[in-house]
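Subject: Handover of a structure, with notes

Dear colleague,

I am passing on the structure below, together with some notes on what was found in it. Please read them with the structure open beside you.

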Amino acid sequence: MEAPFSLPEVTPRDLPNWHGGALPGRDQQRLEAWVQEFGGLLFRGFDVGDAHAFDRFIGAFGLANFPYSESFSNALRFNRTERVFTANEAPPSVEIFLHHEMAQTLVFPKRLFFFGETTAERGGETPLCRSDLTLRALEAAHPTFVQALREKGVRYRSTLPSDPDPASGQGRSWRATLRVDTPNAAEATLQALGYRWRWAKDHALTLQTPPLPAVLAFDQGPEVFFNQLLAAHAGWRRTEDAHWPLLAFGDQTPLPTTCLDDALAIAEDNTLNHAWRTGDIVFLDNTRMMHGRRPFEGSRSVLAALCEPQRRSAFKPA
Ligand SMILES: [Fe+2]
């Protein structure tokens, strides 16, 4: 099935007045308008060959950096420059399902950049999914479910290892995620943020987020399916837990798995697969477009950078 949208391609010919350094103001405005309209742009042919050149390319946009070290991302990543890091260290056979970056946390990036440093031998596309189209189709199929998401928000449970676990798509340790050294400091941070927690075996830490919005609109744009439900439902570890469901509405009732299964299929219908060419740069509006990673063979390297951190408070029922 053909994707119901495309990713506009920007080449050096579209930016004749840019010769490195900061983008001219009019170009910045034009690109910003496009990314808002289409949810993402593909930059191709810009002679960006490594992490440092990618870092300089991002610098041209004048957007605030969102350092990985300050994020609550659960993926294990390694910095290559101050702004640029590896997208995810999960093994090639692991699919990373569609998600909005850090939509399961209280701080998320508004804009994302990805850079195709090395392409895979097989697979390794980046699926890109229009969240507004997905939400519209999901609401037509499951109006009660979508309304419940609007009214109650969602909570996510996850377990963070004590030490980094490179075999997992969510292998970042609680020490690194919370930027603390001791269990007491971890608890103080979580208390302040409104999380619930329990210590698990092997000094791992099981968390449940406060209720977070799952369906919302940004900047007068359309409503979007802004959450981490698909990636969590399809991809997160299902550790046994007698206390909290993996995914719950804000009132702690579990989310219906049939609706989540259907949401995955509906999202796939609204997805295009970006097949990387070396040097490609994809610029995304994280409030409009979901992304993921298809499994691959060979050595694939896609680097990432997060921009424009947005802070929000926990969901409060109307
Ligand atoms: Fe991601």
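Which residue is the bridge partner of I96 in β16? The partner is R293, and this pair is a useful place to enter the sheet described below.

Two remarks on conventions come before the rest. This is a predicted model, in which local features need pLDDT of at least 70 and side-chain atom pairs count only at pLDDT 80 or more, while totals for chains, interfaces and linings use all residues. Residues are numbered from 1 along each chain as its sequence is written.

**Domains**

The domain assignment, whose bounds come from an automatic or database source, gives domain 1 as 9-92 + 105-124 + 275-311 and domain 2 as 133-264. The C-alpha centres of the two domains lie 24 Å apart. Twelve residues of domain 1 are in contact with 16 residues of domain 2, where contact requires that the C-beta atoms, placed from the backbone, lie within 7 Å. On the domain 1 side, the residues that touch domain 2 comprise six nonpolar, four polar and two charged ones; here Ala, Val, Leu, Ile, Met, Phe, Trp, Tyr, Cys and Pro count as nonpolar, Asp, Glu, Lys and Arg as charged, and the others, Gly among them, as polar.

**The four-stranded sheet**

Helices (H or I, at least four residues) and strands (E, at least two) are DSSP runs numbered from the N terminus, and two strands pair if DSSP finds at least two bridges between them. On that basis there is an open sheet of four strands in the order β4-β16-β7-β14, with antiparallel pairing. Its edge strands are β4 (96-99) and β14 (271-274), each of which pairs on one side only. Neighbouring strands of this sheet are turned by 20° against each other on average, direction ignored; axes are lines fitted to C-alpha atoms, for helices over the stretch in contact, and angles run from 0 to 180 degrees between N-to-C directions.

Going through the sheet, β4 is joined to β16 by two bridges, β7 and β16 pair over three, and β7 (residues 126-130) and β14 pair over four. R130 stands opposite M289 in β16, whereas the bridge partner of C129 is T271 in β14. Helix α3 (residues 131-141) packs on this sheet, touching β7 and β16 (289-293), and its direction makes about 60° with that of β7.

β16 is mostly covered, with five of its five residues buried, a residue being buried if 20 or more other C-beta atoms lie within 10 Å of its own, exposed if 12 or fewer, and partly exposed in between, with C-beta atoms placed from the backbone. Both faces of β16 are covered, M289, H291 and R293 on one side and M290 and G292 on the other.

Within α3, L133 counts as buried because it has 22 C-beta neighbours inside 10 Å. Leaving aside neighbours within four places in sequence, L133 is in contact with P4 and N270, and its C-alpha lies 9.2 Å from that of I266, although L133 and I266 are 133 residues apart in sequence.

**Strand β8 and its partners**

Seven of the seven residues of β8 (residues 154-160) are buried, so the strand is largely enclosed by the rest of the structure. V154, Y156, S158 and L160 point one way from β8, and R155, R157 and T159 the other way. β8 pairs in the antiparallel sense with β13 (residues 247-249) over three bridges, Y156 having L247 as its partner, and in the antiparallel sense with β10 (residues 205-208) over four bridges, where R157 is matched with Q208.

**The six-stranded sheet**

A further open sheet, of six strands with mixed pairing, has the order β1-β2-β15-β5-β18-β3. β1 (9-10) and β3 (85-86) stand at its edges with a single partner strand each, so one side of each is left without a neighbour in the sheet. Four bridges join β2 (residues 40-43) to β15 (residues 281-285), which run antiparallel, and L42 stands opposite V282 in β15.

Two helices lie across strands of this sheet: α1 crosses β2 and β15, running at about 125° to β2, and α2 (residues 51-59) lies across β5 (107-118), β15 and β18 (301-311), running at about 30° to β18. Helix α1 (residues 25-38) has 14 residues and reaches 20 Å from its first C-alpha to its last, close to the 20 Å expected at 1.5 Å a residue, the expected span being 1.5 Å times one less than the number of residues. α1 is followed by G39, whose phi is positive, near 85°.

With best wishes
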